[in-house]
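Could you take a look at this one with me? I've jotted down some notes to go through while you have it open.

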Amino acid sequence: MRMYKNALLVILFLFQCLTINALNQKRLDSLNNELAKCEIDSNRVKIYFELGRTYEYFKSKERIEYFIDALKLAKDIQYDAGIKKVYPNLISNLYHRHINDVAMSYSIEYLQYLEKNGSKEEQLKFYNTYGNLLSAQKKYKVARYHYDKAYEYYKSKKEFLLCANVCNNISILLMKTNEYDSALVYNTISGEIYKVNHDSSAYANSILGLAEIMTEKGDLDTALEKAKEALKIYQLIKIDLGVVNTALVIGDIYNKRKDFENALVFFETAQGYAENFNFFNLKRDAFLGASKAYFGLHDYEKAYQAQLSYNEMNDLIAAETLEGKMLEMEVKYDISKKETLLKENEYQFQVQKKQRNYLLIIISTGFGLIIALGFAYRQKRKTNKIISEQKRLVDEKQKEIIDSITYARRIQNSLLPNEKHIEKQLNRLMSKK
């Protein structure tokens, strides 16, 4: 009967997946049609962003690629709202895909952008995400500094749910550094805020975190009580991933208490949920816990079979991890390729810009030379015209003077006796002597 029930659940799950895929494909086609017709760049940023969101969060590289395209266009057109929307989503996706070095690179780039533009509020809002990334890279001291800054900002704005998120992250960080008492304080603060604000899912997460802290502190009774409380909430609000995680925690607590029969009940519950939704890592943990429980009950054959199943899950996870690493490398390669292409395009643009500037200088110089030559020619013509006019005036004056002299000479000649007459008279006078 149970086998038929599981088979039915698998069929329903596959049908649901096919339906979701069909709807996603229809949405992709619609968005691509919009993109082809869109002429406004800011709207194209929004469409790229929506295209990215349509793809599966944890597995598809297209989601990251479209976010990068959206970010590039938003930066090119200096679309501030688009930049501030795309950066956090791109970084969050890279973080959850464990592509932390690329996520860190974009995070630093985003913080520099915010600082340059004086966007202090967005900078403080981003510190919580930035703290998560730093914590994942085991930079706990720096992560704590940014968490504290984010907490103070949200507190000043009275955004208490966001304060609770930061407290929860600080609690997780403190658990990583084995500071369980301090982790308990921050976990309690976040849990109370979630409870007051009726955020059931976050409250259940907080209670489960509390159970894990108490387990590490050795208070197994309190840990079991809190874990069961979290399980009831997850079952009530139907969050299967929460049910699986909580069942595993409860199973581990029972194993620690050497109550192996109850441990098996919860490990089988975890296996059932994980089987239906194909959570390989959770199935693996369930098989490992079951193997320990069977071993505690001296049922070595079942312990061995559970261990074999654990190894099988490990192989599947290794293959999936390898696939994920391949995808990560592919994403990094694509990002690098895009960045190289952008640099090449920028280089070509700069070369073309220089060539265009040189051409403009040559054309401007040519036009300037033509204008100068034209001006010089006009000036020369004007000067020649003036000289010609002056020469004409001089010639006229000279002619007038010559004519006057000639006229005077004629008058003089007419009034005075000629030379022969004078000579004749002189000769006569001389002969008389």
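Here are my points, going from the whole chain down to single residues.

1. First, keep in mind that this is a predicted model. The protein chain has 16 helices and zero strands, so when you look for secondary structure, helices are what to look for.

2. Next, the chain as a whole. Of its 433 residues, 32% are buried. The accessible surface adds up to about 28,500 Å², and carbon and sulfur atoms account for 56% of that. As for contacts between residues at least 6 apart in sequence, 53% of them join residues at least 24 apart.

3. Now the rings. How many aromatic pairs does a search of the whole structure find? It finds nine. One of them is Tyr-110 with Phe-126, an edge-to-face pair with 5.0 Å from centre to centre and 90° between the planes. Tyr-110 sits in helix 5 (residues 100-116) and Phe-126 in helix 6 (residues 120-136), so this pair ties together parts that are 16 residues apart in sequence.

4. Stay with those two rings for a moment. Are Tyr-110 and Phe-126 buried or exposed? Both are buried. They also belong to a cluster: ring pairs link them with Tyr-87, Tyr-106 and Tyr-130.

5. Then have a look at Ser-291, in helix 14 (residues 280-296). Its relative accessibility is 8%, so Ser-291 counts as buried, the cut-off being under 20%. What does its side chain reach? It reaches the backbone oxygen of Ala-303, at 3.1 Å. Leaving out residues up to four places away in sequence, Ser-291 touches Ala-303, Ala-306 and Gln-307.

6. For a contrast, go to the surface. Leu-359, Ile-363, Phe-367, Ile-370 and Ile-371 form a nonpolar patch there, with about 530 Å² of accessible area together. Take Ile-371 from that patch: this residue is in helix 15 (residues 300-415). With a relative accessible area of 59%, Ile-371 is over the 50% cut-off and therefore counts as exposed.

7. Last one: Lys-195, which you'll find in helix 9 (residues 180-196). Why is Lys-195 called partly exposed? Because its relative accessible area is 46%, and partly exposed covers the range between 20% and 50%. You can also check its C-alpha atom against that of Ser-206: the two residues are 11 apart along the chain, and those atoms are separated by 9.7 Å.

Terms used: Residues numbered from 1 in each chain as written. Predicted model: local features only at pLDDT ≥ 70, side-chain atom pairs only at ≥ 80, totals over all residues. Heavy atoms only, no water. Patch = residues over 30% accessible without salt bridge, like charges linked within 9 Å, V, L, I, M, F, W, Y side chains within 5 Å. Areas by Shrake-Rupley, 256 points an atom, 1.4 Å probe, with all protein chains shown as cover. Salt bridge = Lys/Arg side-chain N within 4 Å of Asp/Glu carboxyl O. Helix = DSSP H or I, 4+ residues; strand = E, 2+ residues; numbered from the N terminus. Buried < 20%, exposed > 50% of the residue type's maximum accessible area, 1.4 Å probe, protein only. Phe/Tyr/Trp six-rings, centres within 6.5 Å; stacked < 30°, edge-to-face > 60°. Polar contact = N/O pair within 3.5 Å; in protein donor to acceptor, adjacent residues only side chain to side chain. Contact = heavy atoms within 4.5 Å.
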